[in-house]
Amino acid sequence: MNDGTSPAGTPAADPDLLYSADEEALRAAVRSLFADRGAPATVLAGLESASAHDAGLWRALATDIGAAGLLVPEKLGGAGASAREAAVVLEEAGRCVAPVPYLTSAVIAVTALLGCDRGREEVAAPLAALAGGGSVGVLAVPWTTAPGGASEGAVRAGADGTLTGRVTSVADAAGAALLLVPVRGPDGPALYAVEAAADGVRTGSVTPLDLTRPLGHLTFDGARGTLLASGERARTAVDGALLAGAGLLASEQLGVAEWCLAETVRYTAERTQFGRPVGSFQALKHRMAALWLEVASARAAARNAADALATDSPDAPLAVAVAQAYCAPVAVRAAQECVQLHGGIGMTWEHPAHLFLKRAKSDELALGSPGRHREALAGLVALDAP
Amino acid sequence: MTDAEDLRRRTAELLAAHPPAATQRLDFLRARFDAGLAWVHFPEGLGGLDAPRSLQAVVDAELAAAGAPDNDPGRIGIGLGMAAPTLLRFGTDEQKRRLLRPLWTGEEVWCQLFSEPGAGSDLAALATRAVRDGGDEAGSGGDWIIDGQKVWTSSAHLARWAILIARTDPGLPKHRGISYFICDMTDPGVEVRPLRQITGEAEFNEVFLTGVRIPDSRRLGAVGEGWKVAQTTLMNERVAIGGSRIPREGGMIGVAAADWRARPELRTHDLHQRLLTLWVEAEAARLTGERLRQQLSQGQPGPEGSGMKLAFARLAQEISGWEVEFLAEDGLTYDDWTMRRPDGVDFTGREAGYRYLRAKGNSIEGGTSEVLLNIVAERVLGLPPEPRTDKDVAWKDLPR
C-alpha cells in the first residue's frame, strides 16, 4: 500500500462510489419486502416474542430474494455477487432495524467459510446451506471483536476434535444452527464447525441492549466439531470474515442514520410549537443540516469500504477502518438527534426511535469500536502512537 | 462525440506543434485554448470541444506529463471558477469571444464586486447603485453610472475586469431590483484600497466606485435579473472552494500528518487520538467529494456540493488549530507579520500559525457556514423557511 512517497499510500484504482443499476434493482426489491413485512411498527410488535428472529421475513429475504447467497459463487450454490450488493441489502436492513441474521450469517459466517478450502465437502455443504438461507450460521466470537482481534484462547480443541470453553455475547447465536468456532488447538489456531444442537453445546440467552439483534453465550463442554481449517489458513479466514463484517456494518449504520434523519426531518416539518413548524427554527435546522452532511460522508465512506472488499483491494483494511471509525459515531449521533428532536414522543416505547438508538449504540461497539479502528488505522498510515 | 482517444490525439497534436520546451508560456496557453483543450466541456471556439466535462482530466494528465505550463489557477481562480461559467451561461456571443480567452490564459485577471460593508451574508441587501444615463424606452443602450462601495475583493489590485452586482431599482423588493455588470477596473472612478486582515497581509481589498460609467453592452442578463445571474456565480464559487480533487492525505491533513511523523518528541496520547479522528474525517470528506464528482460525471448531480464547503471549512480550522497546539513552543511563534499582497491563497504553504488564522475565513468567505446550513436545511432537506419580514417590501423601505 505504501508507495514510498506518502506513508498513507494511495488506492491502486479509483473506487466506484456509486450504485449500479443492478444494485438499485436489488435495493428496490429488498425495500419493498421490508416495507410490506418489516416496517418499524412490525419490528416493534415482534420485539418481545419468544423467537430470536422474524422467521418469515428472513425466509423471504434470504430465500425468495436470494440475498443470503450474494457473496457465494454460483457453482457453490450462491448468486455470485459481491460485497457491493450485500452492502445495499444492509443499508435497507439498517433502515428498518430488521431482526434478521443477515450480517452475521450471510456476510460473516459465509466469508469465514469462503476462506477455507471450498473444495472440501465439509466446507462446501454448510456454505450451500447458508447461501440458500435454509440454515443460519454464526462465527462464535464476542460481537465486540475487531478484525484481527479474534481470541484464540476462549475455546480449546482436544486431540480428539472435541471443544471446550465459553464464548460470550455472540450475535444471533440463539437462532443459529451452525457455529463456526475459532479455537486454540494442539497445533495452533483452527476453525471448527459445530452443530448448535450437538451434545455438549449450550446456548444461554442474554438480554441485549439492541433487542433486534439477540446475543447468546455459548458454552462448549466436550462438543464434537468438524475441522474446517487450521493454522494460518484458519486465522486468515476468521480475520477476513471480521474485516468483511466490519466493512459492511458501515452500510447498516448508514441505513440506520438515513432513517433517523429522514424521520426527524419529516416530523419537525409537521410538528408545530410557538405557532411555527419546529423545523423552521434555525437552531434545529442547523442540527439536521449538519447531520445530513455527515450522512452524505458516511455514504461515501461505506461505499468505499464495500467497493474495496468487493474488488479484494489491498486498500480494504484501511477503507474498512475509515468506514467504521466514521460511520459508527454518525449513526449514534443521528439516533440521538432523532430521539431529542422528537421531544417527548421520542422517549416512548411506541415510537420506533428507540430501536434505532439501541441498534446504533450496539453497532458502535460491534466488530471493533471506533477507537479500535483508529488504532488500526494508525498502523496502516504510519501515524505512530507516542 | 469527442471521446478520450480523440482528446489524447488532439493533445498530442498540440504538443507536437508547440513543444513546451521551445514555446513561450503565453503562446502555448493561447494555442491550447484555440485547440479547444482549455475547458473541453465549453463550446468549440470558446476554449472547448463540447466534450464531457469529466474528460478534462485526460487532457490535464497528458499535458502535465509533457511538462506543459499551466495557467496558474491559484492566481486566476475567480475568473476561472466564477466569471467564466457565468459568462458562458449569460454572456452575449461578442462578450464571450472578447473575454474568455485572455481570462483563461491569465492575461486578464478578474475579481468579484459582490460583497458590501452593509451586505455580507444578506448579499441581496446591497446598496451600490446603478443609474441609467440615456438608452431607449425598451430598456437597452446607454450607460450605467455606478456609485457605492464593495469589500472583501480578492485580486482587485491585479484585476482588469470585475463581475459586479448593483441595484437598478430601489423601488422593488431587494432580490428583484438588482442587475449584473462587467466592470472595467481601469475606468475612472474605480479606486482599490488594500484591506489588511487577521493574518497581517492584505489578500483582499476595498473597492470604491464613484460615478463609474459602464456601457449597457456590458450587462449580463436582463435589467433587474441580476440576482438570478449571481446565483450561477455563487454556486460555482462554492463548488470551486469545496470541490478540488485531492489525493489521500492531500491538503492540510497531509501537513499535519507530516508534522506528526517528523516530530516524535512532541507526541502526546491526546494529540494522537485527535489527529487520527481528524485524519478519518478528512478522508471521509475526500471520499464525499470524489463521490460527488462521480455523480456529476454520470450526469446525476447530487446536493452534496452545497455541503462540501461546510466540511472543508470546519476541517481546515480544526486541523490547523491542532497543528499549532502540536508544535508546542513553535506554535507560539508566527512567521511574518509584514503586510504582503499575495497573488492567491496558499492553504498549505507558510507556517501553522498563518494557516490557523487564514482558515478562520473559510467559514465566512463565499457564504458563511450558518447561511449554508440554512440552504442545506431548506433546499436539500425541504424544511420550512424562517418567517421573513423583508420579502415583499421595496428595498428603499427596508430598515438599514
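Is B:Arg10 buried, partly exposed or exposed, and what is the relative accessible area of this residue? In this predicted model, B:Arg10 is partly exposed, with a relative accessible area of 28%.

**Figure 1. Surroundings of B:Arg10 in helix H1 of chain B.** The close-up is centred on B:Arg10, a residue of helix H1, which covers residues 4–17 of chain B. When residues up to four places away in sequence are left aside, B:Arg10 touches B:Leu37 and B:Leu49. B:Ala38 can be used as a further point of reference, since its C-alpha atom is 12 Å from that of B:Arg10 while 28 residues separate the two in sequence. The relative accessible area of B:Arg10, 28%, falls between the 20% and 50% limits, and the residue is therefore classed as partly exposed.

**Figure 2. B:Asp34 in helix H2 of chain B.** B:Asp34 is part of helix H2 of chain B, a helix that runs over residues 25–34. With a relative accessibility of 52%, B:Asp34 counts as exposed, because the value is over the 50% limit for that class. The view also takes in B:Glu44, which is 10 residues from B:Asp34 in sequence and 8.8 Å from B:Asp34 in space, as given by the C-alpha atoms.

**Figure 3. B:Asp50 in the loop between helices H2 and H3 of chain B.** The loop that holds B:Asp50 connects helix H2 (25–34) with helix H3 (56–65) of chain B. Although B:Asp50 is not a glycine, its backbone has a positive phi of about 55°. The relative accessibility of B:Asp50 is 48%, and the residue counts as partly exposed, because 48% does not pass the 50% limit above which a residue would be called exposed.

**Figure 4. A:Ala382 in the segment after helix H11 of chain A.** Helix H11 of chain A spans residues 370–380, and A:Ala382 is placed in the segment that comes after this helix. A:Ala382 has a positive phi, of about 60°, and is not a glycine. At a relative accessible area of 27%, A:Ala382 is partly exposed.

**Figure 5. The two domains of chain A and the contacts between them.** Chain A is divided into domain 1, which covers residues 139–234, and domain 2, which covers residues 235–380. The C-alpha centres of these two domains of chain A lie 29 Å apart. Across the boundary, 23 residues of domain 1 of chain A are in contact with 23 residues of domain 2 of chain A.

**Figure 6. Chain A as the setting for the views of its parts.** Chain A contains 11 helices and 10 strands. Its radius of gyration is 21 Å, close to the 21 Å that the globule rule gives for 386 residues, so chain A is as compact as a globular protein of that length. The C-alpha trace of chain A spans about 75 × 60 × 45 Å along its principal axes, and 60% of the 386 residues count as buried. Of the contacts in chain A with a separation of 6 or more, 76% are between residues 24 or more positions apart. The accessible surface of chain A amounts to about 14200 Å², with 53% of this area belonging to carbon and sulfur atoms. Chain A carries 30 positive and 41 negative side chains, and 6 Å lies between the centres of the two sets.

**Figure 7. Chain B and its division into domains.** Chain B is divided into domain 1 (4–70), domain 2 (78–226) and domain 3 (232–381), and the C-alpha centres of domain 1 of chain B and domain 3 of chain B are 30 Å apart. Chain B has 11 helices and 8 strands. The radius of gyration of chain B is 23 Å, close to the 21 Å that the globule rule gives for 400 residues, so chain B is as compact as a globular protein of that length. Along the principal axes, the C-alpha atoms of chain B fill a box of roughly 75 × 60 × 45 Å. Buried residues account for 52% of the 400 residues in chain B. Chain B exposes about 17700 Å², of which carbon and sulfur atoms supply 53%. The 49 positive and 58 negative side chains of chain B form two sets whose centres lie 2 Å apart.

Conventions:
Residues are numbered from 1 along each chain as its sequence is written. Chains are lettered from A and ligands numbered from 1 in the order in which they are written. This is a predicted model: local features need pLDDT of at least 70, side-chain atom pairs count only at pLDDT 80 or more; totals for chains, interfaces and linings use all residues. Side-chain values use heavy atoms; hydrogens and water are left out. Helices (H or I, at least four residues) and strands (E, at least two) are DSSP runs, numbered from the N terminus. The radius of gyration is taken over C-alpha atoms; the globule rule is 2.2 Å times the number of residues to the power 0.38. Buried means under 20% relative accessible area, exposed over 50%, partly exposed in between (1.4 Å probe, protein chains only). Contact means heavy atoms within 4.5 Å. Accessible areas come from the Shrake-Rupley method with a 1.4 Å probe; for residues, only the protein chains shown count as cover. Lys and Arg count as positive and Asp and Glu as negative; His and the chain ends are not counted. The place of a charge is taken as NZ of Lys, CZ of Arg, CG of Asp or CD of Glu. Domain bounds come from an automatic or database domain assignment.
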